[in-house]
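Reader: Got a minute to go through this one with me? I'd like to start with the domains and then move to the salt bridges.
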Amino acid sequence: MAQFNIGPGLKNAIETYQLPENLMGFGNTMAPVMATCTYENGKWGEVTYLPYGPITMYPTAKVLHYAQEIFEGMKAYRVNGMGPYIFRPEENFLRFNRSAERMAMPHVPQDIFMQSVFDIVAYSANFVPRRSGESLYLRPFMYAAEESLGIKPAEKFVFMVIASPSASYFSGGSGLSVYIERENARAFPGGTGYAKAGGNYAAGLAAAIKTKQMGFVQTLWLDAIHKKYIEEMSGMNVFVVVNNELLTSKTGDTILDGITRKSIITLARDLGYTVHERNIDIDELLVDIKAGKCTEAFACGTAAIITPINYFGDISGDRFPLHYPDGKISTELREKLLAIQEGRAPDKYKWITPVEPKSV
Ligand SMILES: Cc1ncc(COP(=O)(O)O)c(C=O)c1O
């Protein structure tokens, strides 16, 4: 069993921390505690909880050169004085180690991953925002810390967990405008698209700049081979509603197996909707939008929860507005999902786990 220690200064850091009245959007405010654990000589060491602050590494740390890095994103909720609750953490744990395998990194043992995450929430219990839609966003991550410029898998790694009291990911309440990226690709068969590896996100940033320049908010990726089938967005999966049925792309090695996506499929089927997981041809979809067959579309993910799409567009300048830009089905699904996440509705799927607050 791993050892868990309290580092110097943590008590003071937690006791003097003040949660800002108005959170600065998503991921900008940090909780005062972080967990760190080093892997060396083939084994994991002790987990130490420290005040949130800078980390040191040598300029030769392999992560800085070869991007051997993975992460997860999960949330704790504390609305109406209930909770904190963490949503489906075992799914994040399993996906973290799938990402680790793909990136030639060691598995993080379940007790280290889970207890670090739960303890960060327990110590930050007073800093979990209380309004519906707000949460404590949790970011477990691991990087290659070995000091050497040789291109080979590292043998020293650091696992950390940090947390951010966060407002909603998208502000303003209006639907997303989505740019169909027809040139660059995010992922390709045999590649790393299904892993939550930092490099995948760096590869999407040039398109994010183009998307913004074209006046859109999000980039929609197509498959790398045919440039035809919808894959996902840079941090979210996508659903569309055609003839009142839900469609979402089948996951594989190019698409992240989203936990929100998976949960929506379960919820929607239980609500009586038909859900298909299959290839979605972007040009057929645009025809269906114009013909009024595709009435709504939405993005989903831990950060975004469920966010309706207002319109699609591409380099041609054409715009394809959805009939229900505020999302009829997506609003229903969002409310159902969020009510479970926040502990406001019965949790028949056993998706949430309560966390007992702790002081140092
Ligand atoms: C590329 C990508 N797709 C989809 C998702 C949605 O996954 P989840 O619902 O597990 O957050 C994320 C975010 O984690 C992501 O980074």
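Author: Here is a short walk through the domains and the charged pairs.

Reader: Ok. What kind of model is it?
Author: A predicted model.

Reader: How is the chain divided?
Author: Into domain 1, residues 4–166, and domain 2, residues 176–341. Their C-alpha centres lie 27 Å apart.

Reader: How much area do domain 1 and domain 2 bury between them?
Author: About 1,900 Å², with 60% of it on carbon and sulfur atoms. On the domain 1 side, F87, R95 and R102 supply 32% of the area buried against domain 2. No other three residues give more.

Reader: And how many residues are in contact?
Author: 22 from domain 1 and 21 from domain 2.

Reader: How many residue pairs are in polar contact there?
Author: Eleven between domain 1 and domain 2. On the domain 1 side, β5, β6, β7 and α3 each supply at least two of the touching residues. Helix α3 gives the most, with six. By class, that side has nine nonpolar, five polar and eight charged residues.

Reader: How many salt bridges between the domains?
Author: Two.

Reader: What about R98, what does its side chain meet?
Author: The side chain of D257, in a salt bridge at 4.0 Å, N to O. R98 and D257 also belong to a salt-bridge network with R88, E91 and K262.

Reader: Zoom out. How many salt bridges in the whole structure?
Author: The search finds 20. One of them joins D119 and K358, with the closest N and O atoms 2.7 Å apart.

Reader: Why does that pair tie together distant parts of the sequence?
Author: D119 is in helix α4 and K358 is in the segment after β19, so the pair links parts 239 residues apart in sequence.

Reader: Are D119 and K358 buried or exposed?
Author: D119 is buried, at 5% relative accessibility. K358 is partly exposed, at 38%.

Reader: What does K210 pair with?
Author: E181, at 3.1 Å between the closest N and O atoms. K210 sits in helix α6 and E181 in strand β10, so the bridge ties parts 29 residues apart in sequence. E181 is buried, at 0% relative accessible area.

Reader: And D270?
Author: D270 forms a salt bridge with K348, the closest N and O atoms being 3.2 Å apart. D270 lies in helix α7 and K348 in the loop between α9 and β19, so this pair joins parts 78 residues apart in sequence. D270 is partly exposed, at 45%. K348 is exposed, at 60%.

Reader: Last one, new topic. Where is G53?
Author: In the loop between β4 and α2. G53 is partly exposed, with a relative accessible area of 22%.

Terms used: Residues are numbered from 1 along each chain as its sequence is written. This is a predicted model: local features need pLDDT of at least 70, side-chain atom pairs count only at pLDDT 80 or more; totals for chains, interfaces and linings use all residues. Side-chain values use heavy atoms; hydrogens and water are left out. Domain bounds come from an automatic or database domain assignment. Contact means heavy atoms within 4.5 Å. Buried area is the accessible area (1.4 Å probe) that two parts lose on being put together, summed over both. A polar contact is a pair of N or O atoms within 3.5 Å; within protein, one must be able to donate a hydrogen and the other to accept it, and residues adjacent in sequence count only if both atoms are side-chain atoms. Helices (H or I, at least four residues) and strands (E, at least two) are DSSP runs, numbered from the N terminus. Ala, Val, Leu, Ile, Met, Phe, Trp, Tyr, Cys and Pro count as nonpolar, Asp, Glu, Lys and Arg as charged, and the others, Gly among them, as polar. Buried means under 20% relative accessible area, exposed over 50%, partly exposed in between (1.4 Å probe, protein chains only).
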